[in-house]
Amino acid sequence: MTVFSTDAAFKNSILILRFFAHLISIIFHPLLMATYMLMIQLLVNPYLFGINNIGEGKKLILVVFASTFFLPFFSIVLMKSLGMIKSFEMKDKQERIGPFISTAVFYLWVFKSLASGTGYPTAFAICILGATAALFIDFLINLFYKVSLHATGAGGLVGMVAVMMWMFSYGNFAIGEAQGETVQVSVNLLLIGAIFIAGLVGSARLILGAHQPKELALGYVVGFFCQIAALKILL
């Protein structure tokens, strides 16, 4: 009876752990990272976008969300319905070719729109260029070796925060008021948070058996250094 109870408790723990791993994988889906990058920049320095706070940037967020998440995801749904991919997880690297191409085209279109001047600052154009470059590099790597897109997105998030810190030399930023005083948050804390998220995402992918450590490491490197390269190109 004790052994049965222990086995049941262990299985329940594994199920709970996998549930949270799935949840983390969804919340920090690579296609959502561009939207998160925009939200962070709006939070830290909304004046770059000609507004006073992140609340005034809802339209910007919606446009970026539709362009970098909804449209690419819709194209993947179409591929799934047509039988071009077996599942949304795309565990086989060959299944990823079509989604890679369609997503990269959307991101390239977004970057071209930003480069032509649409009210978005250079700091955000750097984010999109870095994400677009990472997509193309991952596509080439994927032809020979499986790479984690989740890790690429998370690495890009860390790279974006590092680039933003370098560009503007932020020390602190205000997130609101409490008891009549402005609440200041250290940008170093923001970087630590981004690194924590990257680790959380990697752990979730390992728990789900979606990737090997080398595939995660490769994704982190691509995502991070593509943001650095985009900074060097646009500045």
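**Exercise 1. Work out how helix 2 sits against helix 6, starting from the handedness of their crossing.**

Solution. Start with the hand: the crossing where helix 2 passes helix 6 is right-handed. Keep in mind that you're looking at a predicted model.

Step 1: get the geometry. The two axes come within 10 Å and cross at roughly 25 degrees.

Step 2: turn the angle into a word. Angles under 35 degrees count as roughly parallel, so helix 2 and helix 6 are roughly parallel to each other.

Step 3: find the residues that touch. Helix 2 brings M33, Y36, M37, I40, Q41 and V44, and helix 6 answers with G153, A154, G156, L157, M160 and M164.

Step 4: sort them by class. You should get nine nonpolar residues, three polar ones and no charged ones.

**Exercise 2. Describe how helix 5 packs against helix 6.**

Solution. Step 1: locate the helices. Helix 5 covers residues 122–142 and helix 6 covers residues 149–168.

Step 2: read off the packing. Their axes lie 10 Å apart, at an angle of about 150 degrees.

Step 3: name the arrangement. Over 145 degrees counts as roughly antiparallel, and that is therefore how helix 5 and helix 6 run. Their crossing is right-handed.

Step 4: list the partners. On the helix 5 side you'll find A123, I126, C127, A134 and D138; they meet L149, T152, M160, V163, M167 and F168 in helix 6. This contact has nine nonpolar residues, one polar and one charged.

**Exercise 3. Which word fits the angle between helix 5 and helix 8: oblique or roughly parallel?**

Solution. Step 1: look up the numbers. Helix 5 and helix 8 pack with axes 8 Å apart, at about 135 degrees.

Step 2: pick the word. That angle makes helix 5 oblique to helix 8.

Step 3: check the hand. Helix 5 passes helix 8 in a right-handed crossing.

Step 4: look at the contact. Residues of helix 5 in it include T122, L129, G130 and I141, while those of helix 8 include L218, Q227 and L234. By class, the contact splits into 16 nonpolar, three polar and one charged.

**Exercise 4. Explore the largest pocket: what is its volume, and which residues line it?**

Solution. Step 1: note the volume, about 880 Å³.

Step 2: go to the middle. Of the 40 lining residues, H29, P30, L31, L149 and H150 lie nearest the centre.

Step 3: see which helices pitch in. Helix 1 (2–27), helix 2 (33–44), helix 3 (58–81), helix 4 (97–115), helix 5, helix 6 and helix 8 (213–234) each give at least two residues to the lining.

Step 4: sort the lining by class. It comes out as 21 nonpolar, twelve polar and seven charged residues.

Technical notes: Residues are numbered from 1 along each chain as its sequence is written. This is a predicted model: local features need pLDDT of at least 70, side-chain atom pairs count only at pLDDT 80 or more; totals for chains, interfaces and linings use all residues. Side-chain values use heavy atoms; hydrogens and water are left out. Axes are lines fitted to C-alpha atoms, for helices over the stretch in contact, and angles run from 0 to 180 degrees between N-to-C directions. Helices (H or I, at least four residues) and strands (E, at least two) are DSSP runs, numbered from the N terminus. Angles under 35 degrees count as roughly parallel, over 145 as roughly antiparallel, 65 to 115 as roughly perpendicular and the rest as oblique. A crossing is left-handed if the near helix is turned anticlockwise from the far one by less than a right angle, and right-handed if clockwise. Contact means heavy atoms within 4.5 Å. Ala, Val, Leu, Ile, Met, Phe, Trp, Tyr, Cys and Pro count as nonpolar, Asp, Glu, Lys and Arg as charged, and the others, Gly among them, as polar. On a 1 Å grid over the protein atoms alone, a cavity is a set of points where a 1.4 Å probe fits but cannot get out, and a pocket is an open set with protein on both sides within 12 Å along at least five of seven lines; lining residues have an atom within 4 Å of a point. Grid points are joined across faces, edges and corners, and a volume is the space filled by probe spheres set on the points.
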